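Colleague: I have just opened this one and would love a guided tour. Could we go through it together, one question at a time?

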Amino acid sequence: MSQKLEFIPQHETFVAECRGIDWSKPITKEIKDEVQKGIDKYGVLIFRDTGLDDKRHIAFAALFGELDDMSPHVKVGRKLRLPDVEMFDVSNIDPDDNLITTSDPARIAMMKGNALWHSDLAFNSRRSGYSILRGHQLPPKGTGGETEFLDARQAYDDLSDEMKKRLDGLVGNNSMWHNRKLAAPDYYKELEPLDYPMSKHKLVTNHPATGRKMLFTTSYVHHIDGMSFEESQALVQPLLEHAGQPKYVCRVEWLNDGDMIMWDNTAVMHRAIYEGSYFGKYRRDMRRTTSFDMGPEAYGLNDPNKIVRQGLNPVQTDKIAEPDTRAPDTQAPAIKV
Ligand SMILES: [Fe+2]
């Protein structure tokens, strides 16, 4: 018998809280199909108090596409805090289970990049579809750590016809290091993003299920094919400012351990909010699965036979910092401070 799910909108154009799933039971095809419809419509779904553990979280995520995992990072010798390679560690805890504090400049500089608007792993040759993030252990209420989302479909729809025409067919070169340098320019002063691989994705992409267009001008876009870095940034930054207007943004609070948020990286952008007092004081153990975009634009203009994953190679430097073992989304390079 099918379970009727309820979707309670949290914003005028996107984000809904999804109620009615009994997480103690297997997820049926009916439930999966309803969640699929919900995520296609809202772009972001909030599931409160799921009580899921890592294994069941992974099993739920696997229903919605092929899962990316950390095995390439394990192969290059990285140590993981979490036992399952499908679980990306986006906590403020290091692999030895210590709280990351402001006395760790490498990790602080790295984390700042996540506070800029992005789509998870858009710097890889095969981009992501769904991210599903679970608060395994949240900091005390009122100490911060929210996540913000923006409706990149609505932001595109509202552009002028002239701008839509200008963006048509433009290809962005996506770089994790560009995002890191944007967020922490002093720390990454000597880093040149062009020294590292970049992945090509169009600046406007079509949603695989609904066909809706989204602005894919994330903070990973370093330059646009046929344009200089300066010209590219002069186009991309105002677009990000446009998309980041409060009317397109929804801030979601994490309320209880076990809360889980699913978002569609082919419809929305997101960013971490580091305001608040939890940082350096309380554990915020966040765990994420990430599926690949299963649609026709997953590889952008990259060669599907030549997979590029950024964050696997250490940054060249004359000072070797401790090896970083965290997810590529949160990875800090070894670099001169
Ligand atoms: Fe992210």
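Modeller: Gladly! Let us begin with Leu121, which sits in the loop between helix H4 (105–112) and E5. Keep in mind that this is a predicted model.

Colleague: Is Leu121 buried or exposed?

Modeller: The cut-off for buried is under 20% relative accessible area. Leu121 has a relative accessible area of 0%, so it counts as buried.

Colleague: What is the phi of Leu121?

Modeller: Leu121 is not a glycine, yet its phi is positive. The value is about 60°.

Colleague: Which loop holds Asp49, and is Asp49 buried, partly exposed or exposed?

Modeller: Asp49 also has a positive phi, near 45°, in a residue other than glycine. Its loop runs between E3 and H2. Partly exposed covers what falls between 20% and 50%. With a relative accessible area of 47%, Asp49 is therefore partly exposed.

Colleague: Where do the buried residues of H2 lie around the helix?

Modeller: Helix H2 covers residues 54–61, and its buried residues are Asp54, His57, Ile58, Phe60 and Ala61. Looking down the axis of H2, they fall within an arc of 160°, so they line one face of the helix. A useful rule here is that an α-helix has 3.6 residues a turn, so residues three or four places apart point the same way. For H2, then, the answer is one face of the helix.

Colleague: Which elements do those buried residues of H2 pack against?

Modeller: One partner is a helix, H1 (29–42). The others are strands: E3 (44–47), E5 (128–137), E13 (260–264) and E15 (285–292).

Colleague: How far is Glu12 from Lys247 in space?

Modeller: Glu12 lies in the loop between strand E1 (6–9) and strand E2 (16–19), and it is exposed at 82% relative accessibility. Along the sequence, Glu12 and Lys247 are 235 residues apart. In space, C-alpha to C-alpha, they are 8.7 Å apart.

Colleague: Which residues lie nearest the centre of the second largest pocket?

Modeller: This pocket holds about 180 Å³ of space. Its lining has 15 residues, divided into five nonpolar, five polar and five charged. Nearest its centre are Pro139, Pro140, Lys141, Gly144 and Trp254.

Colleague: Where is the pLDDT below 50?

Modeller: The protein averages a pLDDT of 90, and 91% of the residues score at least 70. One stretch below 50 nevertheless has 25 contacts in the model beyond near neighbours in sequence. Where pLDDT is low, the predicted coordinates should not be read in detail. That stretch is residues 315–325, and another under 50 is residues 332–337.

Methods:
Residues are numbered from 1 along each chain as its sequence is written. This is a predicted model: local features need pLDDT of at least 70, side-chain atom pairs count only at pLDDT 80 or more; totals for chains, interfaces and linings use all residues. Side-chain values use heavy atoms; hydrogens and water are left out. pLDDT is the predictor's confidence in each residue, from 0 to 100. Contact means heavy atoms within 4.5 Å. Buried means under 20% relative accessible area, exposed over 50%, partly exposed in between (1.4 Å probe, protein chains only). Helices (H or I, at least four residues) and strands (E, at least two) are DSSP runs, numbered from the N terminus. The arc is that of the directions from the helix axis to the C-beta atoms. On a 1 Å grid over the protein atoms alone, a cavity is a set of points where a 1.4 Å probe fits but cannot get out, and a pocket is an open set with protein on both sides within 12 Å along at least five of seven lines; lining residues have an atom within 4 Å of a point. Grid points are joined across faces, edges and corners, and a volume is the space filled by probe spheres set on the points. Ala, Val, Leu, Ile, Met, Phe, Trp, Tyr, Cys and Pro count as nonpolar, Asp, Glu, Lys and Arg as charged, and the others, Gly among them, as polar.
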